[in-house]
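This report looks at a single protein chain and asks how its parts are held next to one another. Please keep the sequence and the structure in view while reading.

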Amino acid sequence: MSPTEKLYQKEFAKELLRIAGEDLKTATAMAGISAIRPENTLFHVEQAVEKSIKAVLCHWGKPVPLTHDLFAILQRIDEKSHPPGGYALHD
């Protein structure tokens, strides 16, 4: 295991999902306030996605990359577990 990743106990996945839920609640609350810049709201959305994916890795007993790069984190998910069509955001 490299110094840029950490192996957590499987039980930590629940904590990561709890925190992700809080990030999503924050983003939802912020989305309704016109004085808040949209990119600030999207930051919390990104954090919720990041923690959710890391929770999956943690639950599977895989090392979790210590990065905020969603692409790098997604690369840790086995190809057989990818959604149909992969992660393409186009048709």
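Arg 37 and Glu 39 are joined by a salt bridge in this predicted model, and their closest N and O atoms lie 2.7 Å apart. Arg 37 counts as partly exposed, at 48% relative accessibility, and Glu 39, with a relative accessible area of 41%, is partly exposed as well. The structure holds seven salt bridges, and the table lists three of them.

| Salt bridge | N to O distance |
|---|---|
| Arg 37 and Glu 39 | 2.7 Å |
| Arg 18 and Glu 15 | 2.7 Å |
| Asp 23 and Lys 51 | 2.8 Å |

The salt bridge between Arg 18 and Glu 15 lies within one element, helix 1, which covers residues 12–31. The two residues are three places apart there, so about one helical turn separates them. An α-helix has 3.6 residues a turn, and therefore residues three or four places apart point the same way. As for their surroundings, Arg 18 is partly exposed at 44% relative accessibility, while Glu 15 is partly exposed with a relative accessible area of 31%.

What does the salt bridge between Asp 23 and Lys 51 tie together? The side chains of Asp 23 and Lys 51 meet at 2.8 Å, N to O. Because Asp 23 lies in helix 1 and Lys 51 in helix 2, this pair ties together parts that are 28 residues apart in sequence. Both Asp 23 and Lys 51 are buried.

Helix 2 itself deserves a closer look. It runs over residues 38–59, and its 22 residues should span 32 Å at 1.5 Å a residue, which agrees with the 32 Å between its end C-alpha atoms. The buried residues of helix 2 include Thr 41, His 44, Glu 46, Gln 47 and Lys 51, and among the elements that cover its buried residues are helix 1, strand 2 (64–65) and helix 3. Helix 2 is followed by Gly 61, whose phi is positive, near 80°.

Gln 47 in helix 2 serves as one example of a buried residue, since its relative accessible area is 10%, and a residue is called buried when that value is under 20%. Leaving aside neighbours within four places in sequence, Gln 47 is in contact with Asp 23 and His 68; Asp 23 is also the salt-bridge partner of Lys 51.

Val 49, by contrast, is a residue of helix 2 that is partly exposed, with a relative accessible area of 36%. Together with Leu 42 and Val 45, Val 49 makes a nonpolar surface patch of about 230 Å².

Which element gives the largest share of the largest nonpolar core? This core has 10 residues in all, namely Ala 13, Leu 16, Ile 53, Ala 55, Leu 57, Cys 58, Val 64, Ile 73, Leu 74 and Ile 77. Helix 1, helix 2 and helix 3 (70–74) each supply at least two residues of this core, and the largest share, four residues, comes from helix 2.

Leu 57 is a member of this core and is one of the buried residues of helix 2. When residues up to four places away in sequence are not counted, Leu 57 touches Lys 62, Pro 63, Val 64, Pro 65, Ile 73, Arg 76 and Ile 77. Val 64, Ile 73 and Ile 77 belong to the core too.

Methods
Residues numbered from 1 in each chain as written. Predicted model: local features only at pLDDT ≥ 70, side-chain atom pairs only at ≥ 80, totals over all residues. Heavy atoms only, no water. Patch = residues over 30% accessible without salt bridge, like charges linked within 9 Å, V, L, I, M, F, W, Y side chains within 5 Å. Areas by Shrake-Rupley, 256 points an atom, 1.4 Å probe, with all protein chains shown as cover. Salt bridge = Lys/Arg side-chain N within 4 Å of Asp/Glu carboxyl O. Buried < 20%, exposed > 50% of the residue type's maximum accessible area, 1.4 Å probe, protein only. Core = buried A, V, L, I, M, F, W, Y, C linked by side-chain atoms within 4.5 Å. Contact = heavy atoms within 4.5 Å. Expected span 1.5 Å × (residues − 1).
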